[in-house]
Amino acid sequence: MTQHAAPPFDPKHGTASAGGSTWATGGIVFAGVLMMVSGILSVLNGIAGIAADDVYTRLGSYVYEFNLTTWGWIHLVIGVLVAITGWGILQGKVWARGVGIGLAALSMVEYFMFLPYAPFWSIISIAIAVFVIWALATAGRPSTAA
């Protein structure tokens, strides 16, 4: 009895589809979930920075210094965009893959600049962004759903 690999998951229809590999499709679904979760966490991070200017303490001096209220707004806006794009990826929207790659790259830059305030979380966020870019860039052609 020969085992056949299951066709990849089509997030728009909730079924398996005929094109692409299971690993690539699983990577896209996981990237969408990661984008939604990290976007929501970034929104919460932004709200904390806006509400209280003493939530984070900077470690040493840094070239890219903003006050924490500014960082709060940056995290809030980018987090909302990342979460919406993650939802679009899970819905199989064509626009979401390109936008997701761009926002993941922007998120990498954002968290690189935020390193002195939250070094451990910044490194984790950069790693998540690298995975998201890889998953969205290496998967097969997107579906034609708009």
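## Helix α4 and Ser 122

Ser 122 is found in helix α4. The model shown here is a predicted one. With a relative accessible area of 0%, Ser 122 is buried. The side chain of this serine reaches back to the backbone oxygen of Ala 118, at 2.8 Å.

Helix α4 covers residues 119–138, which is 20 residues. At 1.5 Å a residue, these should span 28 Å, and the end C-alpha atoms are 29 Å apart, so the expected and computed values agree. Besides Ser 122, the buried residues of α4 include Ser 125, Ile 128, Ala 129, Val 132, Ala 135 and Leu 136. Looking down the axis of α4, the buried residues fall within an arc of 150°, and therefore they line one face of the helix. The face turned away from that buried side carries Phe 120 and Ile 123, which are exposed.

## Overall layout

The protein has four helices and two strands. Read from the N terminus, the order of elements is β-β-α-α-α-α. The protein has 146 residues, and buried residues make up 37% of them.

## Helix α1 and its surface patch

Helix α1 runs over residues 22–51 and includes Val 33. Val 33 is partly exposed, because its relative accessible area of 36% lies between the 20% limit for buried and the 50% limit for exposed. Val 33 is also one of the residues of a nonpolar patch on the surface. The other members of this patch are Phe 30, Val 37, Ile 40, Leu 41, Leu 44 and Ile 47. Together the patch residues have about 600 Å² of accessible area.

Gly 26 is another residue of helix α1. Its relative accessible area is 37%, so Gly 26 is partly exposed. Gly 26 and Ala 139 are 113 residues apart along the chain, and their C-alpha atoms are separated by 9.4 Å.

## Helix α2 and its two ends

Helix α2 covers residues 68–90. Its 23 residues should span 33 Å at 1.5 Å a residue, and the end C-alpha atoms are 32 Å apart, which agrees. At the N-terminal end, Asn 67 acts as a cap: a side-chain oxygen of Asn 67 lies 3.2 Å from the backbone nitrogen of Thr 69. After α2 comes Gly 92, which has a positive phi, near 80°.

The loop between α1 and α2 contains Val 63. Val 63 has a relative accessible area of 74% and is therefore exposed. The C-alpha atoms of Val 63 and Met 113 are separated by 8.8 Å, although these residues are 50 positions apart along the chain.

## Two glycines of α2

Gly 72 lies in helix α2. It counts as buried, at 1% relative accessibility. Between Gly 72 and Ser 42 there are 8.9 Å in space, C-alpha to C-alpha, while in sequence they are 30 residues apart.

Gly 86 also has its place in helix α2. With 0% relative accessibility, Gly 86 counts as buried. The C-alpha atom of Gly 86 is separated by 4.2 Å from that of Gly 32, and the two glycines are 54 residues apart along the chain.

## Helix α3 and a contact with α2

Helix α3 consists of residues 94–113. It has 20 residues and reaches 30 Å from its first C-alpha to its last, close to the expected 28 Å. The buried residues of α3 are Ala 96, Arg 97, Gly 100, Leu 103, Ala 104, Ser 107, Glu 110, Tyr 111 and Met 113.

One of these buried residues, Glu 110, has a polar contact with His 75: their side chains are joined at 2.4 Å. His 75 has its place in helix α2. The relative accessible area of His 75 is 1%, so this histidine is buried.

Technical notes: Residues numbered from 1 in each chain as written. Predicted model: local features only at pLDDT ≥ 70, side-chain atom pairs only at ≥ 80, totals over all residues. Heavy atoms only, no water. Expected span 1.5 Å × (residues − 1). Buried < 20%, exposed > 50% of the residue type's maximum accessible area, 1.4 Å probe, protein only. Arc of directions from axis to C-beta. Patch = residues over 30% accessible without salt bridge, like charges linked within 9 Å, V, L, I, M, F, W, Y side chains within 5 Å. Areas by Shrake-Rupley, 256 points an atom, 1.4 Å probe, with all protein chains shown as cover. Salt bridge = Lys/Arg side-chain N within 4 Å of Asp/Glu carboxyl O. Polar contact = N/O pair within 3.5 Å; in protein donor to acceptor, adjacent residues only side chain to side chain.
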